[in-house]
Amino acid sequence: ATAASFDRADSDGCMSTNDTVALLASGASGTTPGTGEFTGLLTELCQELARALIDDAEGAEHTIEVRTVNAASEADALEVSRAVSRSNLVKTAIFGRDPNWGRVLSEVGTTAAAFEPDQLNVSINGVMVCRAGSVGEDRDLVDLEQRQVLIEIDLNAGTEQAAILTNDLTHAYVHENSAYSS
């Protein structure tokens, strides 16, 4: 459950001393769900909690889902999604309401994922701003005023997919993380 939820929530690429997941059960309910049912429900709950953590990130104005599709492997999809989600340039572009797909492509290019640059597509909030490694639809069509942002990267290299949740980096983030001493 944590592999599909908390391990895919990445606010700023940094670990906290408080990053812990604990599951306790007393058995007091007297019910014993099947393993599959329990795992499914627990995974859904963990995904909801992970999204809530990102929604409540320090100073964040946008919750960003970076979803990589049509990857050769799930590992490739995760590597690409994580690289893009950890990019300060991507995060600040989203904060500035700039659908800068070049910043996304540059992060994809840092990975070892299998893809051909001339087959790569990038959509931001449903607008394909990069088609076949080049200019796609007019980037002015991308609405970044809403809280939720979806960056979808299509590698066109297979059938696997994976997503990472992150947030933008704002002036408030910088202030909150620089205004105290430990």
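Me: Happy to have this one to look at with you! What percentage of the residues in the protein is buried?

Reply: In this predicted model, buried residues account for 36% of the 182 residues. A residue earns that label with under 20% relative accessible area.

Me: What makes up the protein, in terms of helices and strands?

Reply: It has five helices and six strands. Starting at the N terminus, they follow the order α-β-α-α-α-β-β-β-β-β-α.

Me: Let's zoom in on H4. Which residues of helix H4 are buried?

Reply: Within H4, residues 101-108, the buried ones are Trp 101, Val 104, Leu 105, Glu 107 and Val 108. Each therefore has under 20% relative accessible area.

Me: How do you know that they are on the same side of H4?

Reply: The buried residues span an arc of only 160 degrees around the axis, so they sit on the same side of H4. As a rule, an α-helix has 3.6 residues a turn, so residues three or four places apart point the same way.

Me: And what covers the buried residues of H4?

Reply: The cover includes helices H2 (74-85) and H3 (88-95). Strands E2 (121-124), E3 (127-131), E4 (134-135) and E5 (148-154) also contribute.

Me: What makes Asn 100 a cap of H4?

Reply: A side-chain oxygen of Asn 100 lies 3.2 Å from the backbone nitrogen of Gly 102, at the N-terminal end of H4. The cut-off for a polar contact is 3.5 Å, so this pair qualifies.

Me: Last one: how far apart are the mean positions of the positive and negative charges?

Reply: For the 11 positive and 29 negative charges, those mean positions are 3 Å apart.

Technical notes:
Residues are numbered from 1 along each chain as its sequence is written. This is a predicted model: local features need pLDDT of at least 70, side-chain atom pairs count only at pLDDT 80 or more; totals for chains, interfaces and linings use all residues. Side-chain values use heavy atoms; hydrogens and water are left out. Buried means under 20% relative accessible area, exposed over 50%, partly exposed in between (1.4 Å probe, protein chains only). Helices (H or I, at least four residues) and strands (E, at least two) are DSSP runs, numbered from the N terminus. The arc is that of the directions from the helix axis to the C-beta atoms. Contact means heavy atoms within 4.5 Å. A polar contact is a pair of N or O atoms within 3.5 Å; within protein, one must be able to donate a hydrogen and the other to accept it, and residues adjacent in sequence count only if both atoms are side-chain atoms. Lys and Arg count as positive and Asp and Glu as negative; His and the chain ends are not counted. The place of a charge is taken as NZ of Lys, CZ of Arg, CG of Asp or CD of Glu.
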